[in-house]
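User: I'm new to reading protein models. Could you walk me through a few features of this one?

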Amino acid sequence: MNCPRIDVDLRKIRHNTQTIVGRLNARGIRVTAVTKAASGHPAIARAMLDGGAAGLAEARLSNVKRLRHAGVTCPITLIRTPMLSQVDDVVQVCEASYNTEMAVISALAAAAVRHNTVHGIILMVEMGDLREGILPHDLGDMAQRAVDMPGVALKGIGANFACLSGNAPTAAKMQALSILVNEVEGQCGPFIETVSGGNSANLPWALGGRATGRINDLRIGEAILLGVDPITGDQIDGMYRDAFTLVAEVIETDAKSVPPLIGQADPAVAKIRLVPDTSETMRLIFAIGHQDTDATGLTMPPGYTFVGATSDHLVIATQDPTLCVGSEMRFQMNYSALMRAMAAPDIQIRTRNARPWPSPRTAKSPSNHLALV
Ligand SMILES: *Cc1c(COP(=O)(O)O)cnc(C)c1O
């Protein structure tokens, strides 16, 4: 079997998506599934769509192209503000994009006119995360300019929380967003179709008892992929945490006792590398490293302790003598480990429990049938 690899259980991704879609739909909110942590892997995107996601969102144009080449035809929104250098491709492969800069919106509009299309604009407003976003007092003006511009259509307003700052959105912030949307509508006319309230960190708010106001969309990645609340790291009720498993192979076992590295210059490093100094402690070296994943974001099976990692090696201590050279070990990944591993060129991705695609209904369409006759 190829190593290192990621085993992906698509049934669990469908289940996680269905679970979140069911809970959010009951609150009047649809789910836009975010594929960026899976590097736009088409089978994973399809599992999200099968699970009821209304559409997909991606941060990178290269991942959007990967999805399109694989035949994914659903609406895809670019959730990172497009680069000026990419606008011609953006309007051809994405229905809409999140935007914060007038220069980019103008360039998208010009590109859309060149390609005889209309590109959807969702304005990203800054509500306190201090990553991307238009300041609330500038929003109405920008919305008006987008409305007046041929080639683009103002489709929505979005906000993002807890990405840079790690602060979860409060009910007051969410209410402020709804009010802002009403104000923009009053100021420049058109009905704002999509109000995208945020990411997985918004789930506690969305599933709490409070009114959801104008928010009718959330962009969900981590919660679907890993089944956890990104702020607390806790499992979400009824969701799988193990849709993804990283598998690495042992390339060396070392039965010698491991001297604890006391007296290291950097106490933080010494702490990480310190392992019990018992003669039975064995070190396992795996052919995987920082170049493949965030090694500190891996969960070891019980009885194994993380010792350290370098660019290409992962060292683990154990008192269990059963693993030998060539043995495989399975790890769970946090978000940081997952997104790096999914993008790593040397990690094979093996999916299972795929549904037939296109769905059986589509495959039996009249034209296919006629072609067979
Ligand atoms: C990554 C991202 C998301 C999805 O975040 P999760 O925590 O994975 O749900 C949503 N919106 C934007 C703008 C993002 O960059």
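Analyst: Sure, and keep in mind that this is a predicted model. Let's begin with a cysteine: Cys-188 has a relative accessible area of 9%, so it is buried, the cut-off being under 20%.

User: And is Cys-324 buried, exposed or partly exposed?

Analyst: Cys-324 comes out at 42% relative accessibility, so it counts as partly exposed.

User: How many disulfides does the structure hold?

Analyst: For a disulfide, you look for two cysteine sulfur atoms within 2.5 Å. Here the count is zero.

User: Now the ligand. Which residues are closest to it?

Analyst: You list the residues around the ligand, then pick out the closest. Here 14 residues surround it, and Lys-36, Ser-200, Arg-219, Gly-221 and Glu-222 are the closest. Sorted by class, that shell has five nonpolar, four polar and five charged residues.

User: Which polar side-chain atoms should I look at?

Analyst: Check the distances between N or O atoms. The side chain of Lys-36 has an N or O atom 2.7 Å from a ligand oxygen. For Ser-200, an N or O atom of the side chain is 2.5 Å from an oxygen of the ligand. Asn-160 has a polar side-chain atom 3.5 Å from a ligand nitrogen.

User: How much of the ligand does the protein cover?

Analyst: On its own, the ligand has 390 Å² of accessible area, and the protein covers 94% of that. The ligand takes up the space of the largest pocket.

Definitions and conventions
Residues numbered from 1 in each chain as written. Predicted model: local features only at pLDDT ≥ 70, side-chain atom pairs only at ≥ 80, totals over all residues. Heavy atoms only, no water. Near = heavy atom within 4 Å. Polar contact = N/O pair within 3.5 Å; in protein donor to acceptor, adjacent residues only side chain to side chain. Areas by Shrake-Rupley, 256 points an atom, 1.4 Å probe, with all protein chains shown as cover. 1 Å grid on protein atoms, 1.4 Å probe; cavity = no way out; pocket = protein on both sides within 12 Å on 5 of 7 lines; lining within 4 Å. Sits in = over half its atoms within 2 Å of the grid points. Nonpolar A, V, L, I, M, F, W, Y, C, P; charged D, E, K, R; others polar. Buried < 20%, exposed > 50% of the residue type's maximum accessible area, 1.4 Å probe, protein only.
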